[in-house]
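This report goes through the helices, an aromatic pair and the surface of one model. The sequence and structure come first.

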Amino acid sequence: MKANIYFIIAAMFFGLNFHLSKIVLADISFIEAIAWRFTLASVTLFLLAYKNLKSLRFNRSNIKDGFLVGGVGSLGFNLFSFH
């Protein structure tokens, strides 16, 4: 039952995303929308995962690869979605 509720909430967020994007893009540029979207997502994920960050091991290679994958993924997704 709990999984069904989470699924419905996730579906609502995904569905609202398209309508909210249309409203937001009427007022600001798509680059600014991308910046706000990923800033909000980064802050939210940081707050949710803060307790688990201490147990992770970071090295230079992992950080570089993470930035590369995240940058290419977010840039590609948003350019195809908003532009």
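The sections below describe this predicted model, helix by helix and then by side chain.

## Helix α1

Helix α1 covers residues 2-27. Its 26 residues, at 1.5 Å a residue, should span 38 Å, and the C-alpha atoms at its ends lie 37 Å apart, so the expected and actual spans agree. At N17, α1 bends by about 30 degrees.

Cover over this helix is slight: among the 26 residues of α1, the count of buried residues is one. F13 is in helix α1. Its relative accessibility is 59%, and because exposed means over 50%, F13 counts as exposed.

## Nonpolar surface patch

F13 also belongs to a nonpolar surface patch of about 960 Å². The other residues that make this patch are M1, I5, Y6, F7, I8, I9 and M12.

## Helix α2

Helix α2 runs over residues 30-53 and bends by about 45 degrees at L47. The buried residues of α2 are F30, A33 and I34.

## Aromatic pair

A pair of aromatic rings is described by two quantities, the distance of the centres and the angle of the planes. The structure holds one aromatic pair. It is formed by F46 and Y50, whose ring centres are 5.5 Å apart and whose planes stand at 65 degrees. Planes over 60 degrees apart count as edge-to-face, so the F46 and Y50 pair is edge-to-face.

Both residues of the pair lie in helix α2. F46 and Y50 are four residues apart, which is about one turn of the helix. How accessible are F46 and Y50? F46 has a relative accessibility of 43% and therefore counts as partly exposed. Y50, at 45% relative accessibility, counts as partly exposed too. Partly exposed residues fall between the limits of 20% and 50% relative accessible area.

## Helix α3 and S61

Helix α3 is formed by residues 60-82, and S61 is located in it. With a relative accessible area of 40%, S61 is partly exposed.

How far apart are S61 and A49 in space, C-alpha to C-alpha? The distance between their C-alpha atoms is 21 Å, with a separation of twelve residues in sequence.

How values were computed
Residues are numbered from 1 along each chain as its sequence is written. This is a predicted model: local features need pLDDT of at least 70, side-chain atom pairs count only at pLDDT 80 or more; totals for chains, interfaces and linings use all residues. Side-chain values use heavy atoms; hydrogens and water are left out. Helices (H or I, at least four residues) and strands (E, at least two) are DSSP runs, numbered from the N terminus. The expected span of a helix is 1.5 Å times one less than its number of residues. The bend at a residue is the angle between axes fitted to the seven residues ending there and the seven starting there. Buried means under 20% relative accessible area, exposed over 50%, partly exposed in between (1.4 Å probe, protein chains only). Rings of Phe, Tyr and Trp (its six-membered ring) pair if their centres lie within 6.5 Å; planes under 30 degrees apart count as stacked, over 60 as edge-to-face and the rest as tilted. Patches are made of residues with over 30% relative accessible area and no salt bridge: like charges are joined within 9 Å, nonpolar side chains (Val, Leu, Ile, Met, Phe, Trp, Tyr) within 5 Å. Accessible areas come from the Shrake-Rupley method with a 1.4 Å probe; for residues, only the protein chains shown count as cover. A salt bridge is a side-chain nitrogen of Lys or Arg within 4 Å of a carboxyl oxygen of Asp or Glu.
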